[in-house]
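Student: I have not seen this structure before. Please show it, and then let me ask why each label is used.

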Amino acid sequence: MTPPRQKLVVLGATGSIGVNTLDVVSRHPDRYEVLALSAQNKVDRLAEQCVRFRPRYAVVGSDEAAASLEGLLRPSGTGTVVLAGMEALERIASLPEADTVMAAIVGAAGLRPSLAAARAGKKILLANKEALVMAGPVFMKEVQRNRSILLPIDSEHNAIYQSLPRDYSSNLEISGVRRILLTASGGPFRQMSQESLEQVTPDQACAHPNWVMGRKISVDSATMMNKGLEVIEAHWLFNAPPERIEVVIHPQSVIHSMVEYADGSVIAQLGNPDMRTPIAYALGFPERIEAGVEPLDLCRIGTLNFERPDFQRFPCLRLAYEALSEGGNAPAVLNAANEVAVEAFLGGNLGFTRIPRVIAQTLADVPWKEVGSMEDVLAADGVAREVARLHVAGLGHPA
Ligand code: NAD
Ligand code: MG
């Protein structure tokens, strides 16, 4: 007898991760059934996905987008129920019939639906790293309490997950782990001087050398805040203290991260930089499934290089380590200030090198507090956004 198909919810279906997820899913119609899809406003793309995968539910960001999606779907008779707004996202993330939720909304907007999936005990494929950065203790508590299975999609964390023992019990000592080596490409400005960094444009920042990604994470890669967020993400996923997480610059993005053990062994996961590998790993887990990814040709690549990160030119990485050490609301404040600063940079309203200044000033201004609940996290996020907007207005663009 063939096993029943896994019922999948894809949050953020129209984004880079969402599209790659549906690409892997389309290779395995016998294994997966798409139960629900969501998108903020790319209604045309979502409509195409609905026609192709025939989900029972589709969620968009506004009533107008919902009306337009309904109009587009009417002739095709998909029977998809169209809903709008945050509560609808939480609803599809926790549908009783859903097995697996791909959390691929970008930014803080993904927190509530990701948390709803955790509370409902789903298997969560987590791409939305900001949720973990903002609300690490709250999110992990819900995952554990509801026996949710949490599989990282971020390529580095997926690599670490693969390089840790299969029965890893969230204790580095017990597993004999000395360090986690988190690799970073260094982004498009790895070799650029401080002076030239002052002048870079959003399009330059979004032209990543190895990965094609959404614009927010592309800017995060250029400032190296992405690696900072990933240090915090690794802390929560693997219960690793900051001093055991070391960032190593590896420009080719072939080694996706490594785990060093007490005996000196270093276990790494390698592959082409293609997000379909970690997505397929998590979708198939514990089995391995075809992902459509080119085989790795090491002889063509020839050389793998490694460097230490430069905390002077890329202060965002240092700010993230500091926020992790401070704990409490600091990571949520860091994340919110970063989202505000990146949006301002992408809109042409803030110079690139002022992104870390907005974040540092916001962290200095917002008083430190414990976070014990979602309300605490959302309060920190809200205050930090207000303060960060004031700093954006004050700093603006370089003349
Ligand atoms: P993207 O911008 O390409 O897509 C984001 C998706 O989220 C879209 O479907 C969009 O409609 C939806 N969305 C945006 N704002 C929303 C809101 N306010 N409410 C509801 N939905 C909203 O982003 P992406 O590159 O696919 O990244 C998604 C997440 O995955 C991010 O957290 C990112 O850090 C993480 N991630 C991405 C990659 C990658 O290769 N793209 C790699 C690792 C981790
Ligand atoms: Mg990553």
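Student: Why does Leu126 count as buried?

Tutor: This is a predicted model, in which local features need pLDDT of at least 70 and side-chain atom pairs count only at pLDDT 80 or more, while totals for chains, interfaces and linings use all residues. Residues are numbered from 1 along each chain as its sequence is written, chains are lettered from A and ligands numbered from 1 in the order in which they are written, and side-chain values use heavy atoms, with hydrogens and water left out. The label "buried" means under 20% relative accessible area, "exposed" means over 50%, and "partly exposed" is in between, with a 1.4 Å probe and protein chains only. Leu126 has 1% relative accessibility, so it counts as buried. Leu126 is in strand S6 (residues 123-126); helices (H or I, at least four residues) and strands (E, at least two) are DSSP runs, numbered from the N terminus.

Student: Is Met213 buried, partly exposed or exposed, and what makes it so?

Tutor: The value for Met213 is 23%, so it counts as partly exposed. Met213 is in the loop between helix H9 (202-206) and helix H10 (215-223).

Student: Which residues act as protein donors of the magnesium ion, ligand 2?

Tutor: They are Asp154 (OD), Glu156 (OE) and Glu230 (OE), lying 2.1 to 2.2 Å from the ion. Donors are N, O and S atoms within 2.8 Å of the metal (3.2 Å for Na, K and Ca), so these three qualify. Water is not among the atoms, so sites may look incomplete. Along the chain the donors follow the spacing D-x1-E-x73-E.

Student: Are Asp154, Glu156 and Glu230 buried or exposed, and how do you know?

Tutor: Asp154 has 7% relative accessibility and therefore counts as buried. Glu156, with 9%, is buried, and Glu230, at 1%, counts as buried too. Glu230 is in helix H11 (residues 225-238).

Student: Which residues come nearest to ligand 1?

Tutor: Of the 21 residues around ligand 1, Thr14, Ser16, Gln40, Glu130 and Gly214 come nearest. A residue is near a molecule or strand if one of its heavy atoms lies within 4 Å of it.

Student: What makes the approach of Gln40 to ligand 1 a polar contact?

Tutor: A polar contact is a pair of N or O atoms within 3.5 Å; within protein, one must be able to donate a hydrogen and the other to accept it, and residues adjacent in sequence count only if both atoms are side-chain atoms. A backbone N or O atom of Gln40 lies 2.8 Å from an oxygen atom of ligand 1, so the pair qualifies. For Ser16 the corresponding distance from a backbone N or O atom to a ligand oxygen is 2.9 Å, and for Gly12 it is 3.3 Å. Taken alone, ligand 1 exposes 830 Å², and the protein buries 85% of that; such areas come from the Shrake-Rupley method with a 1.4 Å probe, and for residues only the protein chains shown count as cover.

Student: Why is ligand 1 said to lie between domain 1 and domain 2?

Tutor: Domain 1 (6-152) and domain 2 (154-272 + 303-318) both give residues to the shell around ligand 1, so ligand 1 lies between them. The domain bounds come from an automatic or database domain assignment.

Student: What makes Glu260 and Arg179 a contact pair?

Tutor: Their side chains are joined by a polar contact of 2.7 Å. Glu260 is in strand S10 (residues 255-261) and, at 9% relative accessibility, counts as buried.

Student: Why is helix H12 called mostly covered?

Tutor: Eight of the nine residues of H12 (residues 276-284) are buried. Among them are Arg276, Pro278 and Tyr281.

Student: What sets the phi of Arg147 and of Met224 apart?

Tutor: Most residues other than glycine have a negative phi, and most peptide bonds are trans. Phi of Arg147 is near 50 degrees, which is positive, and phi of Met224 is near 70 degrees, also positive. Neither residue is glycine. Arg147, at 73% relative accessibility, counts as exposed, whereas Met224, at 4%, is buried.

Student: Is the peptide bond from Phe285 to Pro286 cis or trans, and what is its omega?

Tutor: The bond is cis, with omega near 5 degrees. Pro286 is in the loop between H12 and helix H13 (298-301).
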